[in-house]
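Colleague: I am new to this structure. Could we go through it together, one topic at a time?
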Amino acid sequence: MLVFKGATLFPIESAPFVGDLAVENGKIAALGPSLSIPGAQVVPMEGRYILPGLVDAHSHIGLQQTGTREVDHNEKGDPITPQMRAIDAIHPQDAAFADCRRLGITTVVTGPGSINLLGGSFAAVKPVGETADQMLLRDNIAMKMALGENPIFRYTELGKNPRTRMGAAALIRQALTDAKSYLARKTAGQIDRPNLAMEALFPVLAGRMPMKIHCHRADDIATAIRIMDEFGLRYTLDHCTEGYLVADTLHRALESGRCEGIIIGPLLCFFRKLECRNKQGCEYGSELYRLKLPFAICTDFPDTTLECLLLQAARSVAYGLPEQEALAAITLQPAKILGLADRVGSLAVGKDADLAIFTGHPFDYKSLCCETYIDGRKVWQLR
């Protein structure tokens with residue numbers, strides 16, 4: 001057993017305090033103002049700040065290779081490809097995973113990009129391991145769906161559909177309707193040849209897997225909610241750039257129980273799309289907080305660098321977001337939204353011992369992540 005002694009601990013679910021944290025068998029065994037555990041290995045941590053490992057709720061890490069033109073994050077031959085799985089394209093040796101460890105990011109949710117209307121399933125992984133299977137925290141965590149400019153522009157260029165927002169919504173409805181029909185025929189024993197695309201949507205239809213919906217403009221957000229309500233599906237709203245313009249709609253969506261959360265970001269990037277012309281920067285978090293809309297913050301890597309996960313939270317505080325809310329937005333909130341809070345997102349007994357240890361307050365620009373632990377094993381140390 002390891003006991004980290006005398007650090008400032010950020011449990012996230014409660015206020016920070018100076019105390020000790022014990023780790024055993026890859027899990028958090030205890031934490032408190034002063035632990036005395038005979039036989040434990042004591043690690044002095046005075047002056048250090050210990051957070052739960054950071055959680056990036058939406059990225060394409062491992063599928064877009066660092067420093068190359070190799071991209072495996074979109075199967076571009078067809079706008080409907082729900083049978084694609086992130087785990088089949090994650091490259092564990094990508095340098096970006098080493099950056100995660102260096103920055104205290106211990107969980108990343110990664111998967112297909114936003115070119116396809118239904119792009120495939122995301123996976124939650126930890127940035128350590130020789131293979132994607134070894135990195136896996138939870139597979140098939142969400143099904144990617146995309147609205148707006150990305151699918152329209154890509155397939156218009158190829159002379160294919162969709163060419164309009166109406167066409168995009170119609171193709172998604174058709175795919176979901178076809179999947180329901182296919183499921184009924186399979187249940188009745190009427191299917192001779194499996195259709196992987198249709199079968200990949202079964203967990204979505206059954207409520208076991210949420211849709212992860214790329215949407216920026218207010219009308220796309222409303223369309224996403226409308227389609228999910230029509231089919232009675234669980235979902236998250238990712239980017240949700242103009243969400244502040246439809247706050248009442250978002251409140252109703254969250255109250256319905258089908259919308260499981262809002263994931264905003266990237267907040268620190270060039271506004272290169274027309275549909276993002278009303279985009280807010282790091283003030284967006286404080287605006288959603290004022291509107292009483294809970295949210296997580298993501299990097300959308302590689303649209304922003306991994307350093308931006310913590311930086312976006314810190315800058316959000318500068319714009320008025322309470323510090324505790326900002327830290328939760330990159331730890332506990334994404335874990336809750338993605339159904340991972342039983343394992344990660346806060347310092348609590350029984351959770352994975354994923355720790356980000358900083359030389360100073362994590363929002364101090366001079367502070368560095370000096371050690372990172374994943375499942376109780378040190379995977380990074382500042383030298």
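Modeller: Certainly. Please keep in mind that this is a predicted model. A convenient starting point is the pairing of β14 with β15, which is antiparallel and runs over four bridges.

Colleague: Which residue of β15 is the bridge partner of F358?

Modeller: The partner of F358 in β15 is C369.

Colleague: And how does β5 pair with β14, parallel or antiparallel?

Modeller: β5 and β14 are antiparallel, with four bridges between them. Within that pairing, P52 is found opposite L355 of β14.

Colleague: What about the two faces of β14, are they covered or open?

Modeller: Both faces of β14, which spans residues 355–358, are covered. L355 and I357 are buried on one side, and A356 and F358 are buried on the other.

Colleague: Let us turn to the open sheet. How many strands does it have, and in what order?

Modeller: The open sheet has eight strands, in the order β6-β7-β8-β9-β10-β11-β12-β13, and its pairing is mixed. The edge strands are β6 (54–59) and β13 (296–297), each of which pairs on one side only.

Colleague: Where does β8 stand, then: enclosed or open to the outside?

Modeller: Strand β8, residues 118–125, is largely enclosed by the rest of the structure, because eight of its eight residues are buried.

Colleague: How many bridges join β8 to β7, and how many to β9?

Modeller: Strand β7 (residues 105–110) is joined to β8 by three bridges, and the two run antiparallel. Strand β9 (residues 136–146) pairs with β8 over six bridges, also in the antiparallel sense.

Colleague: Which residues stand opposite V125?

Modeller: V108 of β7 stands opposite V125, and L136 in β9 stands opposite V125 as well. In addition, A124 has R138 of β9 as its bridge partner.

Colleague: What lies over the face of F122?

Modeller: K212 does, at 5.4 Å from the centre of the F122 ring.

Colleague: Now for aromatic pairs. How many are there in the whole structure?

Modeller: A search of the whole structure finds four aromatic pairs. One of them is formed by F4 and Y373, whose ring centres are 5.2 Å apart and whose planes are at 75 degrees, so the pair is edge-to-face.

Colleague: Where in the chain do F4 and Y373 lie?

Modeller: F4 is in strand β1 (residues 2–9) and Y373 is in strand β15 (residues 369–374). The pair links distant parts of the chain, as F4 and Y373 are 369 residues apart.

Colleague: Are those two residues buried or exposed?

Modeller: F4 counts as buried, because its relative accessibility is 0%. Y373 counts as buried too, at 5% relative accessibility.

Colleague: What is the geometry of the pair that F10 and Y49 form?

Modeller: The F10 and Y49 pair is tilted, with 6.1 Å centre to centre and 35 degrees between the planes. F10 belongs to the loop between β1 and β2 (17–24), whereas Y49 belongs to strand β5 (residues 49–52), so the pair ties together parts that are 39 residues apart in sequence.

Colleague: And what is the accessibility of F10 and of Y49?

Modeller: F10 has a relative accessible area of 2% and is buried. Y49, with a relative accessible area of 22%, is partly exposed.

Colleague: Let me change the topic to S36. Where is S36 found?

Modeller: S36 is in the loop between β3 (27–32) and β4 (41–44). S36 is exposed, because its relative accessible area is 69%, and over 50% counts as exposed. From S36 to V3 the C-alpha to C-alpha distance is 8.9 Å, while the two are 33 residues apart in sequence.

Colleague: Finally, how many cavities of 30 Å³ or more does the structure hold?

Modeller: The structure holds two of them. The largest cavity contains about 60 Å³ of space, and the second largest has a volume of about 40 Å³.

Colleague: What lines the largest cavity?

Modeller: The lining consists of H216, H239, T241, G265, P266, L267, K279, Q280 and Y284. By class, this lining has three nonpolar, five polar and one charged residues.

Colleague: And what lines the second largest cavity?

Modeller: The second largest cavity is lined by P52, G53, R343, V344, G345, S346, K351, D352 and D354. These residues divide into two nonpolar, three polar and four charged. P52 also appeared earlier, opposite L355 in β14.

How values were computed
Residues numbered from 1 in each chain as written. Predicted model: local features only at pLDDT ≥ 70, side-chain atom pairs only at ≥ 80, totals over all residues. Heavy atoms only, no water. Buried < 20%, exposed > 50% of the residue type's maximum accessible area, 1.4 Å probe, protein only. Pairing = 2+ DSSP bridges. Phe/Tyr/Trp six-rings, centres within 6.5 Å; stacked < 30°, edge-to-face > 60°. Lys NZ or Arg CZ within 6 Å of the ring centre and 35° of its normal. 1 Å grid on protein atoms, 1.4 Å probe; cavity = no way out; pocket = protein on both sides within 12 Å on 5 of 7 lines; lining within 4 Å. Points joined across faces, edges and corners; volume = space filled by probe spheres on them. Nonpolar A, V, L, I, M, F, W, Y, C, P; charged D, E, K, R; others polar.
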